[in-house]
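Here are my notes for you to read alongside the structure. I have kept them as numbered points, so you can take them in whatever order suits you.

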Amino acid sequence: MKKLIAELCQHFVILRVGNAVGRGGNPNTLINFLKNAILSENKLMLHNNARRILIGTDDIASFICRYMEDFNNEIINLAYPYQYSLPEILSQLENHLDKKADYEMTEEGSFL
């Protein structure tokens, strides 16, 4: 997709971001999926070796407002360098929702 945009567009900026976290109703985002599973008491299988890069939607918007005019025909990696494990993410959601998740860990994922 990036190559197609670069070939067909005279001016472009492509932001490569991790998992966007913010207000939104898409139930298929990672955070909304986990939140809904906790609230509905659905059992989760967590991949122990999986990691995710998280970034706030407000941070993306702030970056765009501040720097967009500085870029032309570029691909920008806009990501915090830390990759969160799924248990770390789930723990924060449990604290935020004041409710424990029902989950099992499995030795899967590609982060070693």
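1. Which elements cover the buried residues of helix 4? Bear in mind as you look that this is a predicted model. The cover includes helix 2 (30–39) and a set of strands: strand 3 (43–47), strand 4 (51–52), strand 5 (54–56), strand 7 (84–85) and strand 8 (102–106).

2. The residues being covered are L86, I89, L90, L93 and E94, which are buried in helix 4. Their arc around the axis is only 135 degrees, so they sit on the same side of helix 4. Turn to the other side of helix 4 and you will find Q92, N95 and H96 exposed.

3. A quick check on the geometry of helix 4, which runs over residues 86–97: with 12 residues at 1.5 Å a residue, the helix should span 16 Å. The C-alpha atoms at its ends are 16 Å apart, so the expectation and the model agree. Just after helix 4, D98 has a positive phi of about 55 degrees.

4. Helix 2 deserves a look next. Its buried residues are L30, I31, N32, L34, A37 and I38, and they pack against strand 2, strand 3, strand 4 and helix 4. Here too a positive phi follows the helix: E41, just after helix 2, takes a value of about 60 degrees.

5. Now for the nonpolar cores. The largest has 14 residues, and L34, L44, L86, I89, L90 and L93 have the most contacts inside it. Helix 2, strand 3 and helix 4 are the elements that give two or more residues to this core, with helix 2 giving the most, at 5 residues. As for L86, its contacts beyond four places in sequence are L30, L46, H47, A50 and R52. There is also a second, separate core of 5 residues, including I60, F63, I76 and L78.

6. How many aromatic pairs does the model hold? The count comes to 3. In one of them, F63 and Y67, the ring centres are 5.1 Å apart and the planes meet at 40 degrees, so this pair is tilted. Both residues belong to helix 3 (residues 57–67), where being 4 residues apart separates them by about one helical turn. F63 is buried, at 17% relative accessible area, while Y67 is partly exposed, at 30%. Y82 and Y84 make an edge-to-face pair, 4.7 Å from centre to centre with 80 degrees between the planes. Y82 is partly exposed at 38% relative accessibility, and Y84 is partly exposed at 28%. F63, Y67 and F71 form one aromatic cluster.

7. You may want to click on S85, a residue of strand 7. S85 is buried, with a relative accessible area of 10%. Setting aside residues up to four places away in sequence, S85 touches A50 and R51.

8. N19, in strand 2 (residues 19–21), is another useful residue to follow. N19 is partly exposed, with a relative accessible area of 26%. Its C-alpha atom is 7.0 Å from that of R52, although the two residues are 33 positions apart along the chain. Beyond four places in sequence, N19 is in contact with L30, R52, I53, L54 and I55.

9. Is F12 buried or exposed? F12 sits in the loop between helix 1 (2–8) and strand 1 (13–17), and at 13% relative accessibility it counts as buried. Its contacts, leaving aside neighbours within four places in sequence, are I5, A6, N72, N73, E74 and I75. A79, by contrast, is 67 residues from F12 in sequence and 19 Å from it in space, C-alpha to C-alpha.

10. Finally, the cysteines. A search of the whole structure finds 0 disulfides. C9 counts as partly exposed, at 34% relative accessibility, and C65 is exposed, with a relative accessible area of 71%.

Note on methods:
Residues numbered from 1 in each chain as written. Predicted model: local features only at pLDDT ≥ 70, side-chain atom pairs only at ≥ 80, totals over all residues. Heavy atoms only, no water. Expected span 1.5 Å × (residues − 1). Buried < 20%, exposed > 50% of the residue type's maximum accessible area, 1.4 Å probe, protein only. Arc of directions from axis to C-beta. Contact = heavy atoms within 4.5 Å. Disulfide = S-S within 2.5 Å. Core = buried A, V, L, I, M, F, W, Y, C linked by side-chain atoms within 4.5 Å. Phe/Tyr/Trp six-rings, centres within 6.5 Å; stacked < 30°, edge-to-face > 60°.
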